[in-house]
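Q: Please take a close look at one part of this structure and describe how that part sits within the rest of the chain.

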Amino acid sequence: MISEKIKAKLKDLPDSSGVYIMLSKDKQILYIGKAKVLKNRVKQYFQEGTSKTVKVMKLVEKIDDFNYIMTNNEIEALVLENNLIKKHKPPYNILLKDDKNYPFLRINLKEDFPRIEIVRKLKQDGAKYFGPYMQGISVKEITEILYSAFPVRECGLNFSKIPKNHRPCLNHHIGRCLAPCAGLCTKGEYRRVIDKVVSFLGGEDKEVEEILYKKMTSASEEEDFELALFYRDKLKILDKIVRKQITALPKNIDIDVFAIASNGFNTVVSLLIVRGGKLLGGHKEVILDVSSDEIALANYIMSYYDNSLFNAHEIVTAIDIEGADVIEEYLSEKSGRRVNVLSPKMGIRRQLADMAVNNAVDYLEKSIGLMERKENMTIGGMTQLQEFLKLPKMPIRMECFDISNISGRDKVSSMVVFTNGEPDRSQYRRFKIRTVEGANDFASMKETITRRFMRYKEGKDSSFSKLPDLVVIDGGPGQLTYTKQALEEVGMTDLNVIGLAERFEDIYLFDSNVPLRMDKNSYGLRLLQRLRDEAHRFAITFHRKLREKRQVASVLMEKIDGLGKSTFDALMDKFKSMENIEKATYDELIAIPRMRKSVAENIVKYFKDSDAAGGLSGELDE
């Protein structure tokens with residue numbers, strides 16, 4: 001039944017483009033959408049008799065109100081919708097995670113002697129990027145072919161810091177590098193080789209095949225059969241790549257192909273990547289979006305390209321998506337070149353679209369149980385927690401705090417954030433305990449909570465700028481008592497806070513020593529357990545890193561004359577890792593405030609001993 005409030009607001013909806021925001025009874029944002037005509041789009045949600053999918057009906061049941069923002073055109077609506085979704089992270093919108101990036105190959109042609117790098121994020125830095133490489137073709141196989149065929153450097157040496165008496169590494173002696181580090185080739189000679197690398201990655205395979213075949217034949221004639229087998233294996237990999245060439249496509253074309261499959265409850269999107277006329281691989285993903293397939297696929301495409309730099313010439317969609325012309329205009333402006341968005345009806349592009357559809361349908365059929373479990377573990381778990389704890393809002397943002405130390409040394413705490421029932425790692429924060437003497441976890445928790453919510457009041461860090469719907473403390477009544485004191489001191493007593501004691505998974509509230517217990521098989525308790533375990537892991541990892549740093553500092557201060565703790569801390573603040581300290585020049589070291597010349601000389605001298613350096617390299621890695 002539509003409320004009178006919503007009926008009245010529907011009558012006043014404008015005819016302009018804009019963004020609409022669906023709200024629950026407790027004013028939480030459930031869904032954000034864009035519309036060419038706000039009046040038409042928003043009314044569709046509440047019209048009786050119109051066919052709606054189950055997922056749309058589930059959303060409408062929870063809608064108590066809506067707001068809207070008018071825009072001048074559809075492009076503005078598209079951008080505003082995208083920004084609002086990133087800011088508010090509604091539970092019924094697509095939220096793609098930054099950690100799902102696939103590898104690319106990067107070559108910075110602005111350098112005198114470029115190298116081939118494997119990266120997972122693209123930047124507007126003028127370098128050339130190739131990829132992404134998904135299931136089907138390994139980026140490591142590609143680079144191994146390149147290094148086997150072309151004598152380009154594999155090292156990450158900073159050429160401005162190489163000493164005059166530098167000797168080339170083993171790769172030069174076995175013919176795998178021109179050794180520009182030792183001045184054994186000119187910039188022009190090296191650039192001609194890099195141009196061939198770029199040509200191969202752009203789709204030209206013939207020269208690489210000829211080079212590898214000659215090397216294999218030469219090794220065989222010299223009866224170096226192990227090396228001959230090595231090149232034969234590289235030819236097999238190359239053949240696998242060549243066979244992925246789509247013969248009806250030009251070799252210089254890059255296409256992203258999208259398809260969607262839904263059963264009314266669950267939705268899957270599949271993506272195929274074509275680069276240099278070759279099918280490099282694909283990706284399949286479950287999405288939470290209550291829109292129609294035409295809108296959901298358009299939303300997914302926007303989210304996908306918001307997470308990475310656009311680098312294809314064409315976007316092919318298996319169905320006509322809403323606002324294809326608007327997305328085309330937006331991505332063309334973003335990439336700085338013409339981008340075509342099309343839904344082909346025939347030809348090779350239609351075949352690619354059908355392939356993507358088949359992948360999506362297959363993944364949907366095989367993943368229904370997994371999708372239902374995911375929804376139960378996230379939205380289902382949040383709903384159960386709201387009901388069990390009698391929370392005024394669904395706990396869309398939950399924060400959990402934990403303490404870690406050994407005998408009072410290297411005391412740390414962690415703040416882990418779950419948004420919509422899943423880890424939101426960009427929001428995680430960790431603290432070094434500053435004011436507590438000895439192994440006092442209660443006082444450490446008080447310091448942590450105080451600092452976290454004082455940061456909120458200061459408004460200087462985005463991770464602290466939002467208030468949690470639920471605070472979870474790893475511990476029982478003791479931890480809660482000190483948490484309450486901290487919140488009273490910072491004036492934040494309205495927060496919803498619970499303690500989760502690990503032994504029996506008891507849930508404690510303020511001012512009560514009588515625990516609550518959720519059903520051990522409930523999704524709500526499982527969600528709390530995942531949150532608590534993640535906070536524990538994050539705290540332990542930070543504690544271990546600090547302990548290892550202290551141990552390394554102890555070794556260095558013992559072996560490097562004049563190096564004290566404050567100087568070591570200054571080194572770590574400047575260079576971040578032992579590996580960077582090892583590579584630092586005397587001039588870089590002496591530039592550190594209060595660094596004495598004699599200490600800088602001793603550091604450089606110490607790290608010249610490769611055995612000493614090797615004994616410490618990596619000790620700070622987690």
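**Helix H11 and its surroundings**

A: In this predicted model, residues 24 or more positions apart account for 66% of the contacts in the chain with a separation of 6 or more. The chain has 20 helices and 18 strands, and of its 622 residues 49% count as buried. Its C-alpha atoms fill a box of roughly 85 × 75 × 45 Å along the principal axes, while the exposed area comes to about 30,900 Å², of which carbon and sulfur atoms supply 50%.

Helix H11 covers residues 324–335, and because a rise of 1.5 Å a residue gives its twelve residues an expected span of 16 Å, the 16 Å found between its end C-alpha atoms agrees with that expectation. Along H11 the buried residues are Val-326, Ile-327, Glu-328, Tyr-330, Leu-331, Ser-332 and Ser-335. These buried residues pack against two helices, H4 (74–88) and H10 (293–306), and against two strands, S10 (314–317) and S11 (340–342). Just after H11 comes Gly-336, whose phi is positive at about 80°.

One of the packing partners of H11, helix H4, leads on to a further backbone feature, for the loop between H4 and S4 holds Lys-89. Most residues other than glycine have a negative phi. Lys-89, however, has a positive phi near 50°. With a relative accessibility of 17%, Lys-89 counts as buried, because the cut-off for that class is under 20%.

On the other side of that loop, strand S4 (residues 104–107) turns Phe-104 and Arg-106 one way and Leu-105 and Ile-107 the other way, and all four are buried. Such alternation between the two faces of the sheet is what the side chains of a regular strand show. S4 pairs with strand S5 (residues 116–119) in the antiparallel sense over four bridges, and in that pairing Ile-107 has Ile-116 as its bridge partner. S4 also pairs with strand S6 (residues 128–130), again in the antiparallel sense, over three bridges, with Leu-105 standing opposite Phe-130.

Further along the chain, helix H12 (residues 347–389) contains Met-377, which is buried at a relative accessible area of 7%. Leaving aside residues up to four places away in sequence, Met-377 touches Gly-421, Tyr-523, Arg-526, Leu-527 and Arg-530. Met-377 and Asn-420 lie 43 residues apart in sequence, and their C-alpha atoms are 9.9 Å apart in space.

The loop between H12 and strand S12 (397–406) contains Lys-390, another residue other than glycine with a positive phi, here near 55°. Lys-390 is exposed, with a relative accessible area of 71%, whereas Lys-89 counts as buried at 17%.

On the surface, Phe-388, Leu-509 and Leu-516 form a nonpolar patch, and together they have about 210 Å² of accessible area. Of these residues, Leu-516 is placed in the loop between strand S18 (506–508) and helix H15 (523–559), and its relative accessibility of 31% makes it partly exposed.

Terms used
Residues numbered from 1 in each chain as written. Predicted model: local features only at pLDDT ≥ 70, side-chain atom pairs only at ≥ 80, totals over all residues. Heavy atoms only, no water. Expected span 1.5 Å × (residues − 1). Buried < 20%, exposed > 50% of the residue type's maximum accessible area, 1.4 Å probe, protein only. Contact = heavy atoms within 4.5 Å. Patch = residues over 30% accessible without salt bridge, like charges linked within 9 Å, V, L, I, M, F, W, Y side chains within 5 Å. Areas by Shrake-Rupley, 256 points an atom, 1.4 Å probe, with all protein chains shown as cover. Salt bridge = Lys/Arg side-chain N within 4 Å of Asp/Glu carboxyl O. Pairing = 2+ DSSP bridges.
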